[in-house]
Amino acid sequence: MALQEMAREYEASAQLLSARLRVLRAQLRHCADREECWRLRHRIRILSEVLTQTRELSRLMAHYYERGCWRNEKYTL
C-alpha cells in the first residue's frame, strides 16, 4: 500500500471519528447523570486526541515525498 493510499484511509478514519465525536457531544448536552457526563467527557477527550493524531498522520503521508514538506517531530525517528 502506498503512502497516498494510506493517507486516504487515515482521512476516512478521521471522518468517522469526527462523526462519532459529534454524536458524543450531542449526548453530553442532554446528559443528566453526573457519572455518565464524566464518562462522555472522558471518551470525548480521548477520541479528540486520536482524531488529532489521525489527521496529522494523514497529512504527513499525503505530502511525505513533496520537497520542502515539514515533518512533524512526533512521527520521525
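The following exercises, each with a worked solution, concern a predicted model.

**Exercise 1. The nonpolar core**

Task: Identify which residues make up the largest nonpolar core, and state which elements give two or more residues to this core.

Solution:
- Step 1. The largest nonpolar core has 10 residues in all: Ala14, Leu17, Leu21, Leu24, Cys31, Cys37, Leu40, Ile44, Leu47 and Leu51.
- Step 2. Two elements give two or more residues to this core, namely helix 1 (3-29) and helix 2 (34-62). Helix 2 gives the most, with 5 residues.
- Step 3. Leucine 21 illustrates the packing. Apart from its neighbours within four places in sequence, leucine 21 is in contact with Ile44, Leu47, Ser48 and Leu51.
- Step 4. A general tendency may be noted: in soluble globular proteins, nonpolar side chains tend to be buried together.

**Exercise 2. The span of helix 2**

Task: Determine what span the 29 residues of helix 2 should have at 1.5 Å a residue, and compare this span with the distance between the end C-alpha atoms.

Solution:
- Step 1. The expected span is 1.5 Å times one less than the number of residues.
- Step 2. For the 29 residues of helix 2, the expected span is therefore 42 Å.
- Step 3. The end C-alpha atoms of helix 2 are 42 Å apart, which agrees with the expected value.

**Exercise 3. The salt bridges**

Task: State how many salt bridges a search of the whole structure finds, and describe the residues linked in a network of salt bridges.

Solution:
- Step 1. The search finds 2 salt bridges.
- Step 2. In one of them, the side chains of arginine 39 and glutamate 35 meet at 2.4 Å, N to O. Both residues lie in helix 2, 4 residues apart, which is about one turn of the helix.
- Step 3. The side chains of arginine 39 and glutamate 36 also meet in a salt bridge, at 3.5 Å, N to O. These two residues lie in helix 2 as well, 3 residues apart, again about one turn of the helix.
- Step 4. Glu35, Glu36 and Arg39 are thus linked in a network of salt bridges.
- Step 5. The solvent accessibility of each member is then examined. Arginine 39 is partly exposed, with a relative accessible area of 39%. Glutamate 35 is partly exposed at 48%, and glutamate 36 is partly exposed at 31%.

**Exercise 4. Two serines**

Task: Decide whether serine 58 is buried or exposed, decide whether serine 18 is buried or exposed, and list the contacts of serine 58 and of serine 18.

Solution:
- Step 1. A residue counts as buried under 20% relative accessible area.
- Step 2. Serine 58 is found in helix 2. Serine 58 is buried because its relative accessible area is 7%.
- Step 3. Not counting residues up to four places away in sequence, serine 58 touches Ala7, Tyr10 and Glu11.
- Step 4. Serine 18 lies in helix 1. With a relative accessible area of 17%, serine 18 is therefore also buried.
- Step 5. Leaving aside neighbours within four places in sequence, serine 18 is in contact with Leu51 and Arg55.
- Step 6. Serine 58 is among the buried residues of helix 2, which also include Thr54 and Glu56. The buried residues of helix 2 pack against helix 1.

**Exercise 5. Arginine 8 and alanine 62**

Task: Classify the accessibility of arginine 8, and give the separation of the C-alpha atoms of arginine 8 and alanine 62.

Solution:
- Step 1. Arginine 8 is found in helix 1.
- Step 2. Arginine 8 counts as exposed because its relative accessibility is 54%.
- Step 3. Arginine 8 and alanine 62 are 54 residues apart along the chain, and their C-alpha atoms are separated by 7.9 Å.
- Step 4. Alanine 62 is one of the buried residues of helix 2.

How values were computed: Residues numbered from 1 in each chain as written. Predicted model: local features only at pLDDT ≥ 70, side-chain atom pairs only at ≥ 80, totals over all residues. Heavy atoms only, no water. Core = buried A, V, L, I, M, F, W, Y, C linked by side-chain atoms within 4.5 Å. Buried < 20%, exposed > 50% of the residue type's maximum accessible area, 1.4 Å probe, protein only. Contact = heavy atoms within 4.5 Å. Salt bridge = Lys/Arg side-chain N within 4 Å of Asp/Glu carboxyl O.
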